[in-house]
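Here are a few exercises to work through at your own pace. Try each task on the structure first, then compare your steps with the solution.

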Protein chains: 2
Amino acid sequence: MGAPAAGPPGGSSDRVTVAFDALGAEAGVDAVSEGVAAAAADGIAVRVFGPESVFSGLGSGLVEVIDTTAVIGNDEEPVRAVRSRPEASIVRAAADVAAGRSDALASPGSTGATMTAALFALKRIRSVQRPALAVEIPAPGRERPLLMLDVGANADARASHLVQFAYLGSAFAAAVLGVEEPRVGLLSVGSEAKKGSALVVEAHETLAGASGIDFAGNVEGRDLLDPDLEVVVTDGFTGNVVLKTIEGTARAVGDAVGRAARSNPLAATGGLLLRPALGGLRHEMDPDATGGAILLGLRGVAVVGHGSSGPLGIANQIRLAARSVGERAVERTDELIESSGVGRSAIRAAKESEA
Amino acid sequence: MGAPAAGPPGGSSDRVTVAFDALGAEAGVDAVSEGVAAAAADGIAVRVFGPESVFSGLGSGLVEVIDTTAVIGNDEEPVRAVRSRPEASIVRAAADVAAGRSDALASPGSTGATMTAALFALKRIRSVQRPALAVEIPAPGRERPLLMLDVGANADARASHLVQFAYLGSAFAAAVLGVEEPRVGLLSVGSEAKKGSALVVEAHETLAGASGIDFAGNVEGRDLLDPDLEVVVTDGFTGNVVLKTIEGTARAVGDAVGRAARSNPLAATGGLLLRPALGGLRHEMDPDATGGAILLGLRGVAVVGHGSSGPLGIANQIRLAARSVGERAVERTDELIESSGVGRSAIRAAKESEA
């Protein structure tokens, strides 16, 4: 392609079409069918990449099944697999977006394969050095979303990457999550500007003088629930570890509460009475509530769903992809980065003037 | 000094003496007095560095108060403060260990000042490149301890540092936490050897061929509750962020359960019935249960307590310091590192043979 054409495809309609890699889902056919149907019921057109024999019941109305039987598994090396297997569902779905037949990509399959296929097919926004994987972190009791990035697109980062991540996250939170002037924090080990790794100290210095975003300074692991914060920036290694630590800790505490409730009859009665009120918490901590992560910095929209998504998760990752197209997330990201002078050309110019 | 004499001080007795920086405690005088008295009741001699006017009631039996009124605060730059203020309580307490009057240091004060004072006064073990701060992480439902290091002594690390941390943690878990042949994991973003930052991939390569420790390979954030793991190694930036993320998530989930229990009368009744059974969980997640972190790799014992320690936390940080002396943690660490060939001299020799 390069980039998908700006504005809705098909010319006259503002209908958004999402290419969905159904072969990546761990959930069964029924869960996928239910999730896709729910998204279609919202008026989203879905092009489903999966076996026609299996998904034949889906292909009507806004849903079209593109017969695909090859899948890239979690255990395959993503770059090699994506390069060598054009027939695989995630590669075909990404190519569908690149060709302009779909407006956005969503896949609950291998994260590595989805990111790689999306990057190869959709390409980076010109001003962006590295794409970053962003996810709404499950934080109980928060009224506003909290977006963390990078949670795993790049295991190593430079300070200029972290600076750009702040803009990618800010633009996405404003465009898609509905947050006016998002507050952006930099994950570190103390609030002072000089606290943290050399990487973080350098990024802080640039962000402290940055325009176009609302930089809240350093934030710590325990501040992730700070209500005055909507975006947290970190490198992909730390972000991935933190995200999994949150999941693991929440599960461990939940399990421990469950064990306590099974420890004696009185506690069991207590657990039963408390259970309905805990429904909200379970919903808040449910990864399916957001549907998945989104790869920011590309010239198109790519949503990386949870492999374990149920029907709600599948519907929500398709909805997130469609909403990102509808809100012009890509275009607004590019505009913010260019107008704030932190794009690649500005970075190159700064380097040349130093040399 | 340099290092404290091997074996118990005072020659004939096996009584351990701990220098305790009472001015660092945020808790009131009563909490400090109660905690120190509890440790002394276990047969530990405590030299308390704090104002005699305040702690006069403590000075009897195994407890001696050394009149000290100057304190280094959390907001002071540690290296400058420790260098310029020999009269400060943490500097005097550390000097007391270096002079052989005490066997170990414990302080609930500024982490930075405690680490700096300990490093300056006690020095590194010769074979160790960098000391690391280790802490038992609060993990509900675990039967065996889980030690994580580094949680903040060094914001940046090299692969050879991470390799040494594996040995520091393994030796400490075996000597002081009573774990036979501890399993040591390397924190990363996937179990495969090639997953992770360049730093982690390099450290993994060395650890995979290392002798003298039981390397379990990479572990992820969500594996921190894996029952077959007793030591987790990471750089001080990631470790600090992860530790605070665990604390923050556990508190947020606990708060959400509390809110649920206040949401309606039935739930409130349930919460009351469940409450006693949750006592064990509260204890497991209580930082006071372990007393604090320990700075490993020094020629003496230094325990960095929680600033917010109550009486139990204060007693436990003094007990941890005393146990580390009694179990010869320093000597056993040095022996393990030297015998495994990962000491500084081995690293230097490897570098020279490469050159």
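**Exercise 1. Find out what share of chain A is buried, and decide whether its overall size suits a compact globule.**

Solution. Keep in mind that this is a predicted model.
- Step 1: Start with burial. Of the 355 residues in chain A, 59% count as buried.
- Step 2: Turn to the radius of gyration. A compact globule of 355 residues would have a value near 20 Å; chain A has 21 Å, so the two agree.
- Step 3: Look at the extents. The C-alpha trace of chain A spans about 60 × 60 × 40 Å along its principal axes.
- Step 4: Check how the chain meets itself. Among contacts in chain A with a separation of 6 or more, 71% are between residues 24 or more positions apart.

**Exercise 2. Describe the side of chain A that touches chain B, and name the helix that gives the most to it.**

Solution.
- Step 1: Count both sides. In chain A, 51 residues are in contact with 51 residues of chain B.
- Step 2: Locate the helices. H8 (236-261) and H9 (265-274) of chain A each supply at least two residues to this side.
- Step 3: Pick the main contributor. H8(A) gives the most, with 22 residues.
- Step 4: Sort by class. The side of chain A that touches chain B has 28 nonpolar, 16 polar and seven charged residues.

**Exercise 3. Trace the open sheet of chain B and explain why one side of S3 and of S8 is left without a neighbour.**

Solution.
- Step 1: Write down the order. The 11 strands run S3-S2-S1-S4-S11-S10-S5-S6-S9-S7-S8, with mixed pairing.
- Step 2: Read off the edges. S3 (63-67) and S8 of chain B each have a single partner strand, so one side of each has no neighbour in the sheet.
- Step 3: Zoom in on one pair. S4 (104-107) and S11 (301-305) of chain B run parallel and are joined by four bridges; B:Ala104, for instance, has B:Val301 as its bridge partner.
- Step 4: Add a helix. H4 (89-98) of chain B packs on the sheet, touching S1, S2 and S4 of chain B, and its direction makes about 165° with that of S1(B).

**Exercise 4. Is B:Asp223 buried or partly exposed?**

Solution.
- Step 1: Place the residue. B:Asp223 lies in the loop between S8 (214-219) and S9 (231-233) of chain B.
- Step 2: Apply the cut-off. Buried residues need 20 or more C-beta neighbours within 10 Å; B:Asp223 has 19, so B:Asp223 counts as partly exposed.
- Step 3: Find a residue distant in sequence. The C-alpha atoms of B:Asp223 and B:Gly185 are 9.7 Å apart, with their positions 38 residues apart along the chain.

Conventions. Residues numbered from 1 in each chain as written. Chains lettered and ligands numbered in written order. Predicted model: local features only at pLDDT ≥ 70, side-chain atom pairs only at ≥ 80, totals over all residues. Buried ≥ 20, exposed ≤ 12 C-beta atoms within 10 Å, placed from the backbone. Pairing = 2+ DSSP bridges. Contact = placed C-beta atoms within 7 Å. Axes fitted to C-alpha atoms, helices over the stretch in contact; angles between N-to-C directions. Rg over C-alpha atoms; globule rule 2.2 N^0.38 Å. Nonpolar A, V, L, I, M, F, W, Y, C, P; charged D, E, K, R; others polar.
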